Amino acid sequence: MAALTKERPMRVDVIGQVWDEQPCAAATKIVEGAMGGLYLGYARPYQLGDAWLGHAMVTCDNTLGAAGGKLLRYYRPRYRAQVLLPNAAITDAVRGAPVFAQDSGTLSLRAGFKCGQFIRYVRSGVAIVEFDGSSDICTIAATITKAAMTDGGGTSGYYDFGMAIPQGARFLDWLAVTKSAGTGDTSATIQVGESGNVDRFSAVATNSVFATGVVGTIAPGSSDNAVLTAASTPRVTVTTGSDFGLIASGFEVDVFLNYHVGSRLS
């Protein structure tokens, strides 16, 4: 899948407010059915790190215009829509699986910014999703593989998220689901922090990803985590018993981070 460049009409059932508008960024086109994001006060096709807005009701073509030259009209959460959702299965509806936005045209069940919930299975790759990006509790997720990580040259390797937790947010907790175990060495533990402070968001430093399963922890109760005074790009660090390079190439873990913001669109 990729960012949406062609119009994709949608069947939408509105639950709350019908629509809203945001000024469009300069030299920007957001096509009908694409997801919009808010960046530096202007709407654009959604990218990770933007404030997620919702789906465009009609095409907003500001290709030749200055910033704010046109308004994006978009469906305002909450609403339900039938959408393309890779790997959608009927069991996902039963458990109300979270749905994540990755770009203006791509949704995922595993990685991105949480923008909705799986409601009903339609057919392979198609589902009814209830979209709601208005909550003050935000979730970002990433699927981390051995190949995607940087070998630190010793016992640990790390992965940096492709999006930041915004300034003013309060980190809450994280969860890691090991899909394919970190075998190959004698142990493997996981922490979430940032560059230069690998355990900033981890009250527990001994969570194991050496076998398949689910682990997680709240953030430490220190003033360092009260409110982020600057945006922070999360870093996931895996530390092994002797050499990170020994970890099996098939290692794979889904990591979910939760944080609170005072305003979704700030």
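A contact here means a pair of residues with heavy atoms within 4.5 Å. On that basis, in this predicted model, residues 24 or more positions apart account for 69% of the protein's contacts with a separation of 6 or more.

The secondary structure comprises one helix and 21 strands. With a radius of gyration of 19 Å, close to the 18 Å that the globule rule gives for 266 residues, the protein is therefore as compact as a globular protein of that length. Along the principal axes, the C-alpha atoms occupy a box of roughly 55 × 45 × 30 Å.

Turning to the surface, 45% of the 266 residues count as buried, where buried means under 20% relative accessible area. The area that the protein exposes comes to about 11900 Å², and carbon and sulfur atoms contribute 51% of that area. As for charge, the protein carries 21 positive and 22 negative charges, and the mean positions of these two sets lie 7 Å apart.

A closer look at one pair of strands rounds out the picture. Strand β18 spans residues 188–193 and is mostly covered; of its six residues, five are buried. Its partner here is strand β20, formed by residues 235–240. The two strands run antiparallel and are joined by six bridges. Within this pairing, Q191 has T237 of β20 as its bridge partner. For readers following along in the structure, β18 thus offers a handy place to see burial and strand pairing together: five of its six residues are buried, and six bridges link β18 to β20.

Methods
Residues are numbered from 1 along each chain as its sequence is written. This is a predicted model: local features need pLDDT of at least 70, side-chain atom pairs count only at pLDDT 80 or more; totals for chains, interfaces and linings use all residues. Side-chain values use heavy atoms; hydrogens and water are left out. Helices (H or I, at least four residues) and strands (E, at least two) are DSSP runs, numbered from the N terminus. The radius of gyration is taken over C-alpha atoms; the globule rule is 2.2 Å times the number of residues to the power 0.38. Buried means under 20% relative accessible area, exposed over 50%, partly exposed in between (1.4 Å probe, protein chains only). Accessible areas come from the Shrake-Rupley method with a 1.4 Å probe; for residues, only the protein chains shown count as cover. Lys and Arg count as positive and Asp and Glu as negative; His and the chain ends are not counted. The place of a charge is taken as NZ of Lys, CZ of Arg, CG of Asp or CD of Glu. Two strands pair if DSSP finds at least two bridges between them.
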